[in-house]
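Hi everyone, thanks for making time this morning. Let me put the structure up on the screen, and then we can walk through it together.

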Amino acid sequence: MKAIGVEAVNVTKRFGAFTALDDVSLKVRPGTVHALLGENGAGKSTLVKCLLGYNLAEVGSFIVDGREAHITQPQDAGRLGIGMVYQHFTLVPSMTVAENLVMARPDVPRVINWSVERARLATFMAGMPFKIPLDVPVDSLAAGERQKAEILKQLYLERRLLVLDEPTSTLTPQESQEVLGLVRSLVQAGTITVIIITHKLKEVAAFADDVSVLRRGKMVGGGAVAALSATDLTTLMIGEKHAPAIIERLGAPGATPRLAVHNLATLGDHGRPGLNIDAIVVHPREIVGIAGVSGNGQTALLEVLGGQRFATSGTIAIADKPYHARRDEAFALKVRVLPEEPLRNGCVPSMSVEDNASLRRFDRNDDGSPRRWLDRKRMSARAKTMIAAYGIRTPSKDVPIAALSGGNVQRAILARELDGAVDVFIVANPCFGLDVKAVADIRARIVAARNGGAAVLLISEDLDEIRELSDRILVMRDGAIVFEAPAGADAQMIGSHMVGHG
Amino acid sequence: MSDSAALPSATTLADAPAPVFDRGYRYRHALESILVPALALVLAAAGFALFLICLGQSPLDFVDLVWRGAFGSAFSIQNTLLKASPLLLTALCVALPAQLGLVIIGGEGAVVLGGLAAAAIAPPLAGIPPLLLQVLMMIAGMSAGAVWIGFAGWLRAKRGINETISSLLLAYIAIALFNHIVEGPLRDPASLNKPSTADIGAGNMFGYLPGTDVHPGLIFGIIACIAFYILIFKTSFGFGCRVTGGSLRAAQLQGLPVTRLIIIACALGGACAGLAGMVEVAAVQGRANASLAAGYGYAGILIAFLARQNPLAIIPMAVVLGGLTASGGLIQRRMDLPDATVLVLQGMIFVAILASETFYGRFAWFQPRRAP
């Protein structure tokens with residue numbers, strides 16, 4: 001098995017009137033890690049989808065291992081030894097690793113002789129630089145292990161060029177280091193070539209040999225990583241000389257608690273432990289960040305606070321008043337929530353931007369009294385105001401909100417939730433999967449809400465985000481708060497508490 | 001209040017013009033929801049034409065007969081409207097819960113129980129003014145339907161039981177219950193061949209609309225369709241329902257009383273179907289018997305889907321389906337085809353309409369234009 005190189009020559013891909021890739025050329029040397037950098041919608045995914053045969057480029061060609069390749073379907077790419085590890089896991093959770101590996105083979109026999117397969121797997125594993133337990137169901141593996149199993153599957157399928165799509169987005173810092181280090185060692189051994197799609201500059205600097213930057217479907221630059229600074233890359237990515245600045249946190253937190261959660265417990269899903277939180281207290285003009293590895297109860301906490309899940313015991317109080325996430329309470333106590341994946345959790349995809357902008361207010365008059373008839377004029381005016389004030393890019397206020405890009409959906413929901421006075425603001429993974437500009441925008445809004453006096457609870461799997469924004473950091477593991485750290489605490493230390501080695 | 005975060009940007013920028021570059025979307029979207037079902041109807045018609053040709057019949061003759069049987073004369077138009085009137089109400093029994101994302105297909109149960117409740121209270125109350133009796137019968141019929149479908153909603157909201165299955169099974173229970181009562185406790189001894197409840201009395205029946213053979217059930221149906229259109233699209237209650245239907249999680253996050261909305265919408269739909277049963281008793285049969293279970297509840301499902309669950313669109317769709325049913329007899333006589341031929345057409349239309357759901361969003365021209 002030997003690493004192969006790949007070259008894209010003048011690739012153009014259009015979707016209707018939209019040009020996703022405009023005359024893009026790219027050369028990936030065999031035996032290197034090549035980072036593909038760019039904002040959301042820059043065309044990174046489209047480019048690799050063309051390479052993998054999911055999309056067909058209108059113009060241009062790919063040269064694989066020195067020969068022009070005709071890739072019209074995913075099987076073609078597989079035969080050439082090109083494989084992809086997706087951002088979201090693709091292994092069947094209820095099956096074991098061994099079963100997943102064997103089932104993935106293109107030539108899986110009708111009747112599987114497991115003793116033969118096991119012998120083959122054992123030989124294969126002996127040649128691998130890392131080990132994964134083969135006989136446990138995939139859903140009992142930690143995220144980092146799963147990611148390794150995905151890579152293992154590609155190696156088992158004898159892929160010689162791997163595309164990794166945001167491979168670390170669901171991993172802890174430690175796990176990311178481990179997985180990327182592993183990838184790096186495979187590349188150095190000459191086994192594989194890797195194209196890594198990312199927008200984390202740190203990973204590019206630490207693990208990639210070469211980098212190419214895409215912006216709005218065009219190749220805007222690149223070269224050897226060693227020759228480029230982080231500023232150069234940011235400039236290439238967003239087309240501006242400076243990275244957008246974060247708003248500073250101004251003023252000290254208030255003294256009396258605004259949001260107080262005590263002894264909160266829920267039932268767990270699928271045999272996992274539920275929530276078991278002793279106390280979370282957030283003061284006015286304070287951002288409390290909740291750090292933790294994905295799947296340690298953060299979602300359940302947000303769901304309880306947002307009224308999507310019942311707590312079996314415990315109390316939530318806002319400004320000393322009991323809170324059950326009912327509509328009248330949320331209105332009276334000025335509680336707002338920005339959930340993760342807002343298209344799925346926080347808005348009605350099929351309804352218009354205008355309707356979604358009014359979800360908080362449609363049944364209230366301005367004085368707070370109930371309203372029986374919809375006021376279309378006010379809803380329309382409200383939507384226009386929000387679109388202008390938050391720079392939401394939408395064809396018009398009448399299109400379904402699902403037609404907007406991720407960043408613009410996030411802006412729209414943020415606009416709705418921050419409309420008017422806000423006393424408590426609960427946020428989860430607000431910047432997941434967004435481009436640099438949207439991230440800066442949204443973080444600035446969150447800090448502005450805090451500076452304006454809101455108590456902000458920030459639940460995020462992005463430790464950098466937590467450290468950047470929080471006044472205080474809590475670490476969540478197995479549904480409990482296990483550690484508290486002040487602003488600016490060391491990332492490695494927080495990370496060790498996240499995984500439980502503290 | 002001093003600690004509340006009032007963001008300045010939202011107000012200072014309020015007068016900035018919103019960038020709009022797709023003003024036509026709203027109209028293209030409306031056109032899409034007309035053209036797609038139209039295409040489905042054409043395909044179903046083509047399939048049915050093929051079916052007729054296989055039987056050695058001319059599709060053109062069929063169209064001609066349907067037209068004459070449904071709309072060809074004053075008599076046939078009235079017949080069509082008569083056939084349409086219970087369908088208006090049973091279609092609402094599907095369309096109202098559908099606003100919350102529920103698929104209720106057990107309207108038939110609410111129809112028979114509504115009719116039974118209305119027929120059951122009439123004889124004991126004989127002697128009170130007919131108008132008062134009719135109002136009481138309406139209340140009884142609507143309540144029975146509301147309780148039945150509301151129960152399916154309650155099972156969904158409180159116990160997480162699939163409302164499609166439960167409402168269908170509840171309809172079977174309702175029909176069995178109906179048969180038990182009509183053939184047992186409430187049976188009129190005089191009804192020999194066809195077990196029925198006691199007659200409500202000719203003087204207590206609905207009359208006809210002036211100058212026609214059409215009973216007031218048509219008016220009830222049309223009023224209900226218009227009223228529920230207004231409820232769903234113009235009020236906060238309806239908006240809350242549509243939010244819940246579009247995304248349950250978003251509705252919960254907004255603190256909407258999801259459980260209550262589900263039960264109310266199901267009960268309102270059930271009340272409509274119950275009213276259909278009451279009208280059938282008070283305007284047509286004069287008593288409750290097996291004729292009540294004539295499939296109005298099931299035909300309502302087809303109409304609601306044809307109308308894309310829009311209460312206003314139910315009116316024309318019910319007339320179309322009513323017309324097809326009304327022409328069934330003529331087709332049977334003239335073309336020597338069984339009555340069920342019309343059911344084959346209905347079935348084809350239903351399948352085509354369901355299949356056409358996948359075409360929404362497939363044609364780029366209807367979609368929102370991207371930002372330049």
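Which residue in E9(A) is the bridge partner of Leu36(A)? It's Ser212(A). Before I go on, please keep in mind that this is a predicted model.

That pair belongs to strand E3 of chain A, residues 33–37, and E9(A), which are parallel and share 4 bridges. E9(A) also pairs with strand E10 of chain A, residues 218–224, and there we have 6 bridges in the antiparallel sense. If you'd like a spot to click on, Val211(A) sits opposite Gly223(A) in E10(A). The hairpin of E9(A) and E10(A) has 2 residues between the strands, and Arg216(A) has a positive phi near 45°. As for E9(A), residues 210–215, 5 of its 6 residues are buried, so the strand is largely enclosed by the rest of the structure.

Now let's zoom out for a moment. The domain assignment splits chain A into domain 1 (6–238), domain 2 (251–334 + 423–440 + 455–502) and domain 3 (347–420). Between the C-alpha centres of domain 1 and domain 2 of chain A there are 34 Å. Their contact involves 13 residues of domain 1 and 16 residues of domain 2 in chain A.

On to another sheet in chain A. This one is open, has 6 strands with mixed pairing, and is ordered E16-E17-E18-E13-E19-E20. Strands E16 (335–338) and E20 (480–486) of chain A are at the edges with a single partner each, so each has one side without a neighbour in the sheet. From one strand to the next, the twist averages 20°. Within this sheet, E13(A) and E19(A) run parallel and are joined by 4 bridges, with Ala291(A) opposite Val475(A).

Two helices are worth a look here. Helix H9 of chain A, residues 298–306, lies across E13, E16, E17, E18 and E19 of chain A, at about 145° to E18(A). Helix H15 of chain A, residues 436–451, packs on the sheet too, touching E13, E17 and E18 of chain A, and makes about 130° with the direction of E13(A).

Last stop, chain B. Helix H7(B) has 21 residues, which at 1.5 Å a residue should span 30 Å; the end C-alpha atoms are 29 Å apart, so the two agree. At its start, a side-chain oxygen of Asn162(B) comes within 2.7 Å of the backbone nitrogen of Thr164(B). Its buried residues include Leu170(B), Ile175(B) and Phe178(B), and among the elements covering the buried residues of H7(B) are helices H5, H6 and H12 of chain B.

Methods. Residues numbered from 1 in each chain as written. Chains lettered and ligands numbered in written order. Predicted model: local features only at pLDDT ≥ 70, side-chain atom pairs only at ≥ 80, totals over all residues. Heavy atoms only, no water. Expected span 1.5 Å × (residues − 1). Buried < 20%, exposed > 50% of the residue type's maximum accessible area, 1.4 Å probe, protein only. Contact = heavy atoms within 4.5 Å. Polar contact = N/O pair within 3.5 Å; in protein donor to acceptor, adjacent residues only side chain to side chain. Pairing = 2+ DSSP bridges. Axes fitted to C-alpha atoms, helices over the stretch in contact; angles between N-to-C directions. Domains from an automatic or database assignment.
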